[in-house]
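Morning, everyone. Please have the sequence and the structure open while I talk.

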Amino acid sequence: MTPSAHRMVPEGLHELALGEDRLRDVLELDTWAFPNPDPIESMLELPNALPWERTWAMSPDGHQLAALHASYPFGSTPVPGGRLDISGLTWVGVHPQWRRRGLLRSMISSHFAHSLARKEPISLLFAAEPAIYGRFGYGLAARSTTLTVPRGAELRPVPTEDLTFRIETVSYDAHAQLVADLHGSVDRPGWVTRSTEQQQRRWLCNSPSFHAGRETQRILIAERDATPVGYAIFRRKPSWNDGGNPDYEVGVLELVTPEASVAHLIWSKLLDLDLTTKVQTGMLALDDPLLSLLVDVRAANPTWSDQLWLRLLDLPTALAGRQYQAGLDVVLEVSDAELPDNAGRWQLRAEPFAQASVQRTDRPADLRLDIRELGAVYLGGTSLTELASAGLVADLTGTKLASTSVAFGWPTAPVASWVF
């Protein structure tokens, strides 16, 4: 797989590999792209998770930074029925002085080339502006929901008698391994985990810069026979209403457990903390257990948002690297303006929940779609029929759309628990 000719660096600029000695310059550029009230000096004191061997800039002279992009190495990331090495695009920014000169296109092409060279067949990102990345072939692959749950909200009963819990102040030394082990054990599609020490240190950092008026991070740990089986990281925000009564909010940064009983225990404790009136959840999958546990889910005011955007870089490797929940033998005619090696007709064959095969073919196509739509359905969170109803997938034979849509689905909705 090779990128298209779009990888032309704009005139007067060149691509520059960055090292840790350029951290101040990186933070300066980032505050131009994403305005931040914190002074640079305080940012320099925080753990920085940038993978320097994967961090690149555009520069006119080797000193001034005009634009920046980096990627996280998300190894062994869950996809439906499998795990793949994925490139997590991050820290994409352009200095206002250098906008509208093609820097973003050049950086995206560079990201594609570097990822393919590392044999990462998929790129994931969170989009600061979702209208941007579709034109580079990223599809909306995961949605999430957030809830504002009133204190004391009733949950449907689930046995929790064999569980205990403890609540502590977050400490990297005390909790990093526990959090890493439980977070890394989740097998939900799209569940990227924090694989480096610096990522973990930044996530568990208790600096006031991350508080936004809330208390220091706390952690509620659920245990069975003294073994941790789930956790929630949260902060409370103090507030008093006009009547002088407490109106604290509990903000849940992340809740991780594979078990319904553990989720019930953790949520029930978070929903009954003194002085609080509501609990604001983090990003939840559209099939998160809390949505079924709540007796009155409407009172929690659920809202949804776009989450993971996915780009197939190496189509055959990516499609063969996941499983399908129904048998299929389908020919996809794919267009890809950025990576022409992905374009053309591909025969995809698989038995349910088994190894798939992908190969080029001269057979007539059953479905026609762009690489963007293929990325959108890849994790099983968006259906081909949904996209076809919007006119984005063409059913050429009238016989394969429904069955292929079922096959691309997955029993578990995709989500990531943190923004990278």
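I will go through one sheet, the helices across it, and then the nonpolar cores. Keep in mind that this is a predicted model.

Start with the sheet. It is open, has six strands, and runs in the order E8-E13-E12-E11-E10-E9. The pairing is mixed. Going from one strand to the next, the twist averages 30°.

Why do E8 and E9 each have one side without a neighbour in the sheet? Strand E8, residues 148-150, and strand E9, residues 164-169, stand at the edges, and each has a single partner strand, so nothing in the sheet flanks the other side.

Now look at one pair inside that order. Strand E11, residues 227-237, pairs with strand E12, residues 248-256, in the antiparallel sense, over seven bridges. If you want one bridge to find on screen, take Phe234, whose partner in E12 is Val252.

Next, the helices. Helix H5, residues 172-184, lies across E9, E10, E11 and E12, and runs at about 110° to E11. Helix H7, residues 260-270, lies across E9, E10, E11, E12 and E13, at about 140° to E10.

Last, the cores. The largest nonpolar core has 79 residues, and the members that touch the most others are Leu319, Leu374 and Tyr378. Strand E3, residues 67-79, gives the most to this core, with five residues. Which residues does Leu319 touch, leaving out those up to four places away in sequence? Among them are Leu312, Tyr324, Leu332 and Phe408.

There is also a second, separate core of 26 residues, including Val149, Trp267, Leu271 and Leu294.

How values were computed
Residues are numbered from 1 along each chain as its sequence is written. This is a predicted model: local features need pLDDT of at least 70, side-chain atom pairs count only at pLDDT 80 or more; totals for chains, interfaces and linings use all residues. Side-chain values use heavy atoms; hydrogens and water are left out. Two strands pair if DSSP finds at least two bridges between them. Helices (H or I, at least four residues) and strands (E, at least two) are DSSP runs, numbered from the N terminus. Axes are lines fitted to C-alpha atoms, for helices over the stretch in contact, and angles run from 0 to 180 degrees between N-to-C directions. Contact means heavy atoms within 4.5 Å. A nonpolar core is a set of buried Ala, Val, Leu, Ile, Met, Phe, Trp, Tyr and Cys residues joined through side-chain atoms within 4.5 Å. Buried means under 20% relative accessible area, exposed over 50%, partly exposed in between (1.4 Å probe, protein chains only).
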